[in-house]
Amino acid sequence: MKFSKRLYQKVKPVWEKNHRHPFVQGIGDGSLEKDKFRFYMIQDYLYLIDYAKLFALGAVKAHDVATMGRFARLLDATLNMEMSLHRQYAKKFGISEQELEQAQPAPTTLAYTHYMLHVAQNGTLAELVTSLLPCMWSYHEIGQALNQIPGASEHEFYGDWIKMYASEEFGELAQWTIDLLDEEAEGKPERELERLEEIFLNTSRFEYLFWEMAYHKEMWPTDD
Ligand SMILES: Cc1ncc(CO)c(N)n1
């Protein structure tokens with residue numbers, strides 16, 4: 001069995017909970033309150049700034065030029081394709097790019113990105129890829145699932161979000177990352193594979209916390 005399949009089975013219950021989250025369901029049926037999405041979009045923009053850095057670190061840790069090139073493409077796609085979606089939504093909300101970048105990260109955003117950056121900086125290439133994979137993979141799954149709902153991808157507000165994550169282009173980037181992990185995991189001792197499982201589980205759980213954070217617009221408990 002491919003290692004990615006083993007990971008998938010391990011986190012299935014967490015991913016199912018993510019897919020059923022009211023924030024995700026609300027994007028799918030168009031009922032999500034716009035102020036929740038506004039909060040999410042700003043936090044997700046901050047998240048993606050750090051997430052993009054993981055691809056830069058991936059290029060540093062890559063063992064060959066072809067892999068470096070793929071990480072460079074992922075970095076470019078995140079900054080210029082995915083984040084342009086966020087900039088478009090920001091425009092609709094009347095938020096400038098400068099305001100977006102200067103926003104304060106919520107505790108969950110900070111915890112999630114710093115966990116991944118810690119793994120990426122201190123761990124192996126396999127650990128780095130494992131930490132960033134639930135993000136891409138689960139969003140593509142969510143995008144595809146919501147795309148099946150009649151009319152959802154044509155929704156005047158949430159349609160663009162669904163189309164981005166359901167897109168073939170996004171799916172290809174996710175698949176390349178899955179394939180890289182399968183290659184990297186090959187021949188690794190069971191002890192190391194278990195460590196990868198733990199990382200995959202942790203970032204899958206962080207995905208749930210991120211939906212929760214956005215749904216409840218959670219910031220620090222005090223304003224000072
Ligand atoms: C929190 C989060 N997870 C995954 C993705 C997909 O890139 C994203 N944009 N944000």
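This report walks through a predicted model, from its annotated region to its nonpolar core and one of its helices.

## The annotated region

Let's start with the overall picture. An unreviewed UniProt entry carries the annotation "domain: Thiaminase-2/PQQC" for residues 9-216. Across residues 9-216 the chain is 84% helix and 0% strand. The C-alpha atoms at the two ends of this stretch lie 29 Å apart.

## The nonpolar core

In soluble globular proteins, nonpolar side chains tend to be buried together. Here, the largest nonpolar core is made of 58 residues. Those with the most contacts inside this core are Leu54, Leu128, Val129, Leu132, Leu133 and Ile162. Helix α3 (residues 34-61) supplies the largest share of the core, 12 residues.

Leu128 makes a good place to zoom in. Beyond its neighbours within four places in sequence, Leu128 is in contact with Leu54, Leu57, Gly58, Lys61, Val119, Ala120 and Gly123.

## Helix α9 and its two sides

Next comes helix α9, whose 18 residues run from 168 to 185. From first C-alpha to last, α9 reaches 25 Å, close to the 26 Å expected at 1.5 Å a residue.

The buried residues of this helix are Phe170, Leu173, Ala174, Thr177, Ile178, Leu180, Leu181 and Glu184. Viewed down the axis of α9, they fall within an arc of 160°, so they line one face of the helix. Their cover includes α1 (3-20), α4 (65-93), α7 (125-147) and α8 (159-166). On the other side of α9, Glu168, Glu169 and Glu172 are exposed.

Just after α9, Gly187 adopts a positive phi of about 80°.

Key
Residues numbered from 1 in each chain as written. Predicted model: local features only at pLDDT ≥ 70, side-chain atom pairs only at ≥ 80, totals over all residues. Core = buried A, V, L, I, M, F, W, Y, C linked by C-beta atoms within 7 Å. Buried ≥ 20, exposed ≤ 12 C-beta atoms within 10 Å, placed from the backbone. Helix = DSSP H or I, 4+ residues; strand = E, 2+ residues; numbered from the N terminus. Contact = placed C-beta atoms within 7 Å. Expected span 1.5 Å × (residues − 1). Arc of directions from axis to C-beta. UniProt positions renumbered as here; feature names shortened; annotations may be inferred.
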